[in-house]
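Trainee: Could you show me how to read a protein model, one feature at a time?
Mentor: Gladly, let us look at it together.

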Amino acid sequence: MRDSAGFLLCSLLLVAPHCTEVAAQDPQPDPKTPCANWMGGAPGYPGHNGLPGRDGKDGKDGLKGEKGEQGLQGSKGDQGAMGSAGPEGPRGFPGQPGLKGDKGEGAYVYRSAFSVGLTERAPHPNIPIRFSKIFYNEQNHYDTSTGKFLCSIPGTYYFAYHLTVYMSDVKVSLYKKDKAVIFTYDQFQTNNIDQASGSVLLHLSSGDEVWLQIYGEGDNNGVYADNINDSTFMGFLLYPDMDFH
């Protein structure tokens, strides 16, 4: 029994170097594989992201898609600037005549005028000269008995006189409401016939009176008239006051 154990021990000792040599020639396993003859460590952290790759080449165009549905109408935009005028269009046909209007009221024309002449020689001074020769006095606004014009239509009037001067000097004035408005003086020349005249625009109110009158002493009343020489006095309404009806 003791001999058998000794023989087994001797056999193992002879075989041991040979196994060691064979083991040395065998490839070593990867230490990180499950078959490694050592204990593996804890897993490492993930590495950093790599740099992005370069863009690839453009692909080929795909097929045209189907037409989409119409979208909602947008809000109205701002008004644009006015464009230039277009060419004139063709002329249209005349329209139908309108209805006849109502008859209007006739415009009333206010009239007031007179034109008179002298018939007597050397009128008396300091009283109205009475012109009794009537050229025009249709409205009878001039009174031949007093020698005065009486205003019946308030407004603006024109008055004028043209007097023949003979035998003496003439000093004459035009009066309005007992007040002299203008004066005319003419000096008589012996053996000659002269003329004295004057004119004025006056505004008169209803009831105002206008006349001619010799002023001064009696030797200044050389106003003259005969069958070939006239001394005249006239006046007429230019336009009535707007508020007169």
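The dialogue below goes from the whole chain to single residues.

Trainee: What should I know before I start?
Mentor: This is a predicted model, so local features need pLDDT of at least 70 and side-chain atom pairs count only at pLDDT 80 or more, while totals for chains, interfaces and linings use all residues. Residues are numbered from 1 along each chain as its sequence is written, and side-chain values use heavy atoms, with hydrogens and water left out.

Trainee: What average pLDDT does the protein chain have?
Mentor: pLDDT is the predictor's confidence in each residue, from 0 to 100. Here the protein chain averages 82, and 81% of the residues score at least 70. Among the elements, helix α1 (residues 2–25) has the lowest mean pLDDT, 51, and β3 has the highest, 98. Over residues 18–24, pLDDT stays under 50, and the model has 1 contact beyond four places in sequence for them. Contact means heavy atoms within 4.5 Å.

Trainee: How many helices and strands does the protein chain have?
Mentor: Helices (H or I, at least four residues) and strands (E, at least two) are DSSP runs, numbered from the N terminus. This protein chain has 1 helix and 10 strands. Read from the N terminus, the helix is followed by the strands.

Trainee: Which strands run antiparallel to β10?
Mentor: Two strands pair if DSSP finds at least two bridges between them. Strand β1 (residues 113–117) is joined to strand β10 (residues 232–240) by 5 bridges, and the two run antiparallel. One of the bridge partners is easy to find: valine 116 is matched with phenylalanine 233 in β10. Strand β5 (residues 155–176) also runs antiparallel to β10, with 8 bridges between them. There, glycine 155 has proline 240 as its bridge partner.

Trainee: Which residues touch the most other members of the largest nonpolar core?
Mentor: A nonpolar core is a set of buried Ala, Val, Leu, Ile, Met, Phe, Trp, Tyr and Cys residues joined through side-chain atoms within 4.5 Å. Buried means under 20% relative accessible area, exposed over 50%, and partly exposed in between (1.4 Å probe, protein chains only). The largest core has 30 residues, of which Phe131, Phe159, Leu174 and Phe233 touch the most other members. At least two residues come from each of β1, β5, β7 (194–204), β8 (209–214) and β10. The largest share, 8 residues, is supplied by β5. Leaving aside neighbours within four places in sequence, phenylalanine 159 is in contact with residues including Phe114, Leu174, Val200 and Phe233. Over the whole protein chain of 245 residues, 24% count as buried.

Trainee: Where is serine 112 found?
Mentor: Serine 112 is in the loop between α1 and β1, and it counts as buried because its relative accessibility is 4%. For the next point, a polar contact is a pair of N or O atoms within 3.5 Å; within protein, one must be able to donate a hydrogen and the other to accept it, and residues adjacent in sequence count only if both atoms are side-chain atoms. The side chains of serine 112 and histidine 141 make such a contact at 2.6 Å.

Trainee: Is asparagine 137 buried or exposed?
Mentor: Asparagine 137 is buried, because its relative accessibility is 12%. It sits in the loop between β2 (133–136) and β3 (142–143). Its side chain reaches the backbone oxygen of tyrosine 142 at 2.9 Å. Serine 112 is 25 residues from asparagine 137 along the chain, and their C-alpha atoms are separated by 8.5 Å.

Trainee: What distance in space separates phenylalanine 236 and alanine 113?
Mentor: Their C-alpha atoms are 4.0 Å apart, although the two residues are 123 apart in sequence. Phenylalanine 236 is in strand β10 and counts as partly exposed because its relative accessibility is 29%.

Trainee: Which phi value does lysine 177 have?
Mentor: Most residues other than glycine have a negative phi. Lysine 177, which is not a glycine, has a positive phi of about 55°. Aspartate 178 also has a positive phi, about 65°. Lysine 177 lies in the loop between β5 and β6 (179–186), and aspartate 178 is found in that loop too. Lysine 177 is exposed because its relative accessible area is 52%, and aspartate 178 is exposed because its relative accessibility is 64%.
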